[in-house]
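Reader: Hi! I'm in my first year and still learning to read these pictures. Could you pick one part and walk me through it slowly?

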Amino acid sequence: MKRITLFSVAILSACTIGVTTPLKANAEVYYSTSVSQPSEGDTWFRNVGDGTDTLNYENGKWVLAMSDSIRRKNAYHQYVVDVYEPNAQAISEAQAK
């Protein structure tokens with residue numbers, strides 16, 4: 001039992017150390033409509049009217065990490081209904097033949 005506990009503590013410690021990299025230590029967090037000079041690792045919480053987009057600055061561009069925008073959720077649902085499901089069904093039917 002002690003071996004498992006010590007192993008778990010060692011793994012958790014290693015994970016915690018890995019989270020605080022020097023790159024993230026200098027990262028900024030923005031809560032605004034625009035960001036003029038972002039740096040690698042910055043996070044931007046952008047208000048899009050019907051929710052908030054969370055973007056991370058990676059490799060010289062903003063990358064969408066997550067969104068709670070109703071507009072984005074509706075667009076994704078429509079994509080699944082109009083494109084993904086019919087395509088998956090067509091592939092399944094083609095493979096059955």
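Let's zoom in on the pairing of strand 2 and strand 3. Which residue stands opposite T43 in strand 3, and what else is going on around there?

Author: Sure, and keep in mind that this is a predicted model. T43 stands opposite N56 in strand 3. Now find F45: facing that residue across the pairing is T54, again in strand 3. Both of these matches belong to the pairing of strand 2, residues 43-47, with strand 3, residues 52-58. The two strands run in the antiparallel sense, and five bridges hold the pairing.

Next, follow the chain from strand 2 into strand 3. You'll trace a hairpin with four residues between the strands, and in that turn G49 has a positive phi of about 95 degrees.

Keep going along strand 3 and you reach a second hairpin, this one with strand 4. Here two residues sit between the strands, and N59 takes a positive phi near 55 degrees. Strand 3 and strand 4 are also antiparallel, with six bridges joining them. To spot this pairing on screen, look for E58, which stands opposite K61 in strand 4.

Now zoom out a little. These strands belong to an open sheet of four, in the order 1-2-3-4, with mixed pairing. Strand 1 (29-30) and strand 4 (61-67) are the edges, each pairing on one side only. What about strand 3, is it enclosed or open? Five of its seven residues are buried, so strand 3 is largely enclosed by the rest of the structure.

One thing helps when you look at side chains: in a regular strand they alternate between the two faces of the sheet.

Finally, let's look at the rings. W44, Y57 and W62 are linked into a cluster by ring pairs, and the structure holds two aromatic pairs. One of them is Y57 with W62, 5.0 Å centre to centre with 65 degrees between the planes. That pair counts as edge-to-face, because the angle needed is over 60 degrees. How buried or exposed are these two rings' residues? Y57 has a relative accessible area of 15%, so Y57 is buried, while W62 comes out at 23% and is therefore partly exposed; the cut-off for buried is under 20%. As for W44, look over the face of its ring: R46 lies there, at 5.3 Å from the ring centre.

Technical notes:
Residues are numbered from 1 along each chain as its sequence is written. This is a predicted model: local features need pLDDT of at least 70, side-chain atom pairs count only at pLDDT 80 or more; totals for chains, interfaces and linings use all residues. Side-chain values use heavy atoms; hydrogens and water are left out. Rings of Phe, Tyr and Trp (its six-membered ring) pair if their centres lie within 6.5 Å; planes under 30 degrees apart count as stacked, over 60 as edge-to-face and the rest as tilted. Buried means under 20% relative accessible area, exposed over 50%, partly exposed in between (1.4 Å probe, protein chains only). A charge sits over a ring if NZ of Lys or CZ of Arg is within 6 Å of the ring centre and within 35 degrees of the ring normal. Two strands pair if DSSP finds at least two bridges between them.
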